[in-house]
Amino acid sequence: MDRTHVQMLLASAGYYAGAIDGIAGPETMTAVEITEAHAGDGSGGWSTARRLVAAGQRVLNAQGFEAGAVDGWDGHNTGEALTAWLSAQAGVSAEVDRAPITETTWPADIPRQGNCAAYYGSPGPDVQRQLTYIQLPFSLRLDWNLSQTVQRIRVHEKAAQQLYAALVAVHEHYGIDRMQDLGIDRFAGCYNHRRMRGGSSWSMHAYGCAIDFYAGPNALRMGCPEALFCGPDYQAFLDIMEAHQWLPAIRLWGGDAMHFQRATL
């Protein structure tokens, strides 16, 4: 999300009437301050860059494009929400083709996406009651803020054991230094109550059965060989996750290489 996008979003909300020039001048910042006053979240003390992104996130969320938490970080959820908004403004579809690319027979105890509500519960309070935390014996970096680390991941209790075992096995295989070199330690989100990016169904994240890593070079609309995780250094990572029933999207529908889910198509 650049400054031009922020101005476009602020203008669409009626907060800004200046030129779309990408310059965060007084008129732009006054519009940002209006969103901050409405939110009352103390973000006025953030850096200018974060304040601008946060203003854009507020507008996206208010208009139903689900940018996620208003944190001022331009992560992949914000980026995909912006893509959907820009596509809507242009009158074109942002939908993503998730047709299966493989005839693989998966273990019977992994639910299909269409059966996730029956298996994991209905997104919202029903799923939230069944969420738990796994505590990793090592730290992951936040993909959108590499100075911050996490060891706890919130996930559905029916998928927690498998995720913990998968990530511990990845750590044992690569070691933390190699994980950091490859970006495998860049945690990009797990549970998130939202709709599917590029679609209208509930996201697997809304069931607590999906996790993302290193979003930038493994983007939603990026397939092989462009996606980083298609490279040879990452095949053991994909194999380990799959062996623990966390299936790589790049092997399910050929895109969204950042994404792993405990659900088949």
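A cavity is a set of grid points where a 1.4 Å probe fits but cannot get out, whereas a pocket is an open set. By this rule, the predicted model holds 1 cavity of 30 Å³ or more.

The volume of this largest cavity is about 160 Å³. Its lining consists of 18 residues, with Arg98, Arg194, Arg197, Asp256 and His259 closest to the centre. Helix H4 provides 3 residues, the largest share of the cavity lining; H4 and strand E6 (259–261) each supply at least two.

Among the pockets, the largest encloses about 450 Å³. Of the 24 residues that line the largest pocket, Asn77, Trp144, Ala188, Gly189 and Asn192 lie nearest its centre. Helix H4 (76–90) and strand E2 (145–156) each give at least two residues to this lining, and the largest share, 4 residues, belongs to E2. Helix H4 thus contributes at least two residues to the lining of the largest pocket and at least two to that of the largest cavity.

The second largest pocket has a volume of about 250 Å³. It is lined by 15 residues, and those closest to its centre are Thr104, Trp106, Arg112, Thr264 and Leu265.

The linings divide by residue class as follows.

| Space | Nonpolar | Polar | Charged |
|---|---|---|---|
| Largest pocket | 10 residues | 9 residues | 5 residues |
| Second largest pocket | 9 residues | 4 residues | 2 residues |
| Largest cavity | 5 residues | 7 residues | 6 residues |

How values were computed
Residues numbered from 1 in each chain as written. Predicted model: local features only at pLDDT ≥ 70, side-chain atom pairs only at ≥ 80, totals over all residues. Heavy atoms only, no water. 1 Å grid on protein atoms, 1.4 Å probe; cavity = no way out; pocket = protein on both sides within 12 Å on 5 of 7 lines; lining within 4 Å. Points joined across faces, edges and corners; volume = space filled by probe spheres on them. Nonpolar A, V, L, I, M, F, W, Y, C, P; charged D, E, K, R; others polar.
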